[in-house]
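Here's a quick briefing to read alongside the model. Have a look at the fold and then work through the points below.

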Amino acid sequence: MKLRAFGSRDDETAKGSPAHEARPEPASASASVPTADPRRPAGKGKPTPRRRDQERARGMRQGPVTAPVTRKEARERKKAARATMSKDERRAAKAEERAAREERRQLMMEGDDRYVLSRDRGEVRRFARDWVDTHRRLINWFMPLALFVIVFQLIPNPALMAYSQTLFLVLIVVVIVDGVFLGRTVNRAVRERFPSTDDTGFGMGWYAVMRATQPRMLRTPRPRVRPGDAI
């Protein structure tokens, strides 16, 4: 142990020297970097996908489906869908398509407004069809007689061909005259049953004439009533 006398140089030097200033300790490198909160999970470096995107990736949800614009696009989509099917799946899909087509055809023949053509929709057109189907007129024989005239024209007999041509001209005149009366009668019946309708005039008359010229078995939608029934 080293003893120091009172008033030695070291004491004087210590008294004369300025007091040691408190120097701040150098900040550590970790102080400049914010520390992560241990209670919060670490980031993944990318945004979290939405739930519907996750379900769509897993096959739980289908994406938005847009209807094909053209028939070519519809065929291409159908072809692409069948390319991913097995043989049994394609056979089952064809069977379902046939059943669906047959169901739609039956509903159309019954006059369902969801499947008939736009010209056949509505209560007014349904009443006009029923009116034509419950009445017998000369115009109903137009197609059968026209078929016989065509057959007679194919026979190489000048006399028979001349008779068939005369019969065809008479048939045309009868169809025109009877068609005019039929159109006016149907329009009158439609106005009496549906006073507020605008579906009358030449369009309604032509619709009735075209249906009357077809045989009953070929009419679409099929007749719901028999000749002579009340409607």
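Let's start with the second largest pocket: its lining splits into three nonpolar, two polar and three charged residues. (Ala, Val, Leu, Ile, Met, Phe, Trp, Tyr, Cys and Pro count as nonpolar, Asp, Glu, Lys and Arg as charged, and the others, Gly among them, as polar.) This is a predicted model, so local features need pLDDT of at least 70 and side-chain atom pairs count only at pLDDT 80 or more, while totals for chains, interfaces and linings use all residues. Residues are numbered from 1 along each chain as its sequence is written, and side-chain values use heavy atoms, with hydrogens and water left out.

**Overall fold**

- The protein chain is built from nine helices and zero strands (DSSP runs numbered from the N terminus, H or I of at least four residues for a helix, E of at least two for a strand).
- Reading from the N terminus, the elements go α-α-α-α-α-α-α-α-α.
- Out of 231 residues in the protein chain, 20% count as buried (buried is under 20% relative accessible area, exposed over 50%, partly exposed in between, with a 1.4 Å probe and protein chains only).

**Pockets**

- Back to the second largest pocket, which has a volume of about 150 Å³. (A pocket is an open set of points on a 1 Å grid over the protein atoms alone, where a 1.4 Å probe fits, with protein on both sides within 12 Å along at least five of seven lines; lining residues have an atom within 4 Å of a point.)
- As for volume, that's the space filled by probe spheres set on the grid points, which are joined across faces, edges and corners.
- Who lines the second largest pocket? Arg-119, Asp-120, Trp-206, Tyr-207, Met-210, Arg-211, Gln-214 and Thr-220 do.
- The largest pocket comes in at about 220 Å³. It has 13 lining residues, and Arg-136, Asn-140, Trp-141, Arg-216 and Arg-219 are the closest to its centre.
- By type, the lining of the largest pocket holds five nonpolar, three polar and five charged residues.

**Salt bridges**

- There are eleven salt bridges in the structure (a side-chain nitrogen of Lys or Arg within 4 Å of a carboxyl oxygen of Asp or Glu).
- One of them pairs Glu-123 with Arg-126, with 2.9 Å between the closest N and O atoms. Both residues sit in helix 6 (residues 123-133), three residues apart, or about one turn of the helix.
- Arg-126 counts as buried because its relative accessibility is 12%.
- Asp-113 joins this pair: Asp-113, Glu-123 and Arg-126 are linked in a network of salt bridges.
- Arg-211 pairs with Asp-133, the closest N and O atoms lying 3.1 Å apart. This one ties together distant parts of the chain, from Arg-211 in helix 9 (residues 202-212) to Asp-133 in helix 6, 78 residues away.
- Both partners, Arg-211 and Asp-133, are buried, and their C-alpha atoms are 8.6 Å apart. Arg-211 gets that label because its relative accessible area is 5%.
- Arg-137 bonds to Asp-178 as a salt bridge, with closest N and O atoms 2.9 Å apart. It's another link between distant parts of the chain: Arg-137 is in the loop between helix 6 and helix 7 (142-154), and Asp-178 is in helix 8 (residues 158-193), 41 residues apart.
- Are these two partners buried or partly exposed? Arg-137 counts as partly exposed because its relative accessibility is 22%, while Asp-178 is buried, at 9% relative accessible area.

**Surface patch on the nonpolar side**

- Val-173, Ile-176, Val-177, Val-180 and Phe-181 make up a nonpolar surface patch, with about 470 Å² of accessible area together. (Patch residues have over 30% relative accessible area and no salt bridge; like charges are joined within 9 Å, nonpolar side chains, meaning Val, Leu, Ile, Met, Phe, Trp and Tyr, within 5 Å.)
- Those areas come from the Shrake-Rupley method with a 1.4 Å probe, and for residues only the protein chains shown count as cover.
- Ile-176 belongs to helix 8, and it counts as exposed because its relative accessible area is 54%.

**After helix 9**

- Most peptide bonds are trans. The one from Thr-220 to Pro-221 is cis, with omega near -5°.
- Thr-220 lies in the segment after helix 9, as does Pro-221.
- Thr-220 is partly exposed, with a relative accessible area of 31%.
- In space, Thr-220 and Glu-110 are 8.6 Å apart, C-alpha to C-alpha, with their places 110 residues apart in sequence.
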